[in-house]
Amino acid sequence: MERVTGGGVLQLLLASAGAVLLYRLLLRLRPGAALQDAVVVITGASSGLGKECARAFHAAGARLVLCGRDATRLQQVVQELTATSASAKQKQTHTPSTVTFDLADRHTVDRAAEEILKCYGHVDVLINNAGISFRGNILDTGVSVQRDVMETNYFGPMALTQALLPSMVGRRSGHIVAISSVQGKIAIPYRSAYAASKHATQAYFDCLRAEVERYGIGVSVISPGYIRTNLSLNAVTGDGSKHGVMDKNTATGRDPADVAQVVLKAVRHRSKDVVLAGALPTVAVYLRTLWPALFFKLMSSRARKEQKPKRE
């Protein structure tokens, strides 16, 4: 691939972009599945994208099971959604249920799955949204930090999915969503733990999609670019402390309410893979495959511009 000429690469990129646009147009024309009374489980539902997904699916008439680490904040979301339903004329809605647990604690996941199933007896849609970001130089990052990020972003969602999967297989019905990132397809400097966890997420759910299609279960991987949430503020650094900075790209990112609507449409249309990013990140995804040598040079240049390694 590295020998492909610039003109050839451009033609491939344009052809790929055209195919993607045509595919998206066909998806929009296809009627979507109804979500009225569907049981939808959302992790990381107390804030950010998870909270907006709760709003979107609640308004669609779904029966929600909201999951997170903070019971008080989850109840606040329930109260907000209930108040909104009371004041708005919309389709029939349901008061959400909540299940409190830490996705990074693998010993609590099986117990949480049992509680989730007790709410309504089954799960129609699982949205694996909870996650944590990372900012740091690999040379100054402890292995324990890398493991912690992987526990939250990969092992936790994987464990919850596998705990709920037998119920879906038994009913031969269900839909599983993984909120990944563009960094699950490409890796940028100083995001090693985050990018690695999202690459693992992409691979796992791609495998899962192929294996469970025979049971009527759909799998969607949503890969957004920057979203205007507190993700960068809460990101961990190389020593495990909080980053505590709102990155410029994050501050000017997509409205999480708009991203939640994309998630809603992906479930309705059973989309398999959705990249929700600007022109440059989208081109970078194709460039990584079609012209890797150039992609690597661009990333090296970016690394030098952003920050020189302390031990250089």
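I looked first at the largest nonpolar core of this predicted model, taking such a core as a set of buried Ala, Val, Leu, Ile, Met, Phe, Trp, Tyr and Cys residues joined through side-chain atoms within 4.5 Å, with buried meaning under 20% relative accessible area for a 1.4 Å probe and protein chains only. This core has 32 residues, and Val-40, Ile-42, Phe-57, Leu-64, Leu-66, Ile-127 and Val-263 have the most contacts inside it. I then noted which elements supply at least two residues each, among them strand 1 (39-42), helix 2 (48-59) and strand 2 (63-68), helices being DSSP runs of H or I with at least four residues and strands runs of E with at least two, numbered from the N terminus. Helix 8 gives the most to this core, with six residues.

I also found another core lying apart from it, of 29 residues, including Val-65, Leu-103, Ala-112 and Ile-176.

For Leu-64 I listed the contacts (heavy atoms within 4.5 Å), leaving out residues up to four places away in sequence, and among those touched are Val-40, Phe-57, Leu-81 and Tyr-120.

I checked the backbone next: Arg-270, although not a glycine, has a positive phi of about 50°, and this residue lies in the loop between helix 8 (256-269) and strand 7 (273-276). Arg-270 is partly exposed (from 20% to 50%), at a relative accessible area of 39%.

For the record, I number residues from 1 along each chain as its sequence is written. Local features need pLDDT of at least 70 and side-chain atom pairs 80 or more, while totals for chains, interfaces and linings use all residues, and side-chain values use heavy atoms, without hydrogens and water.
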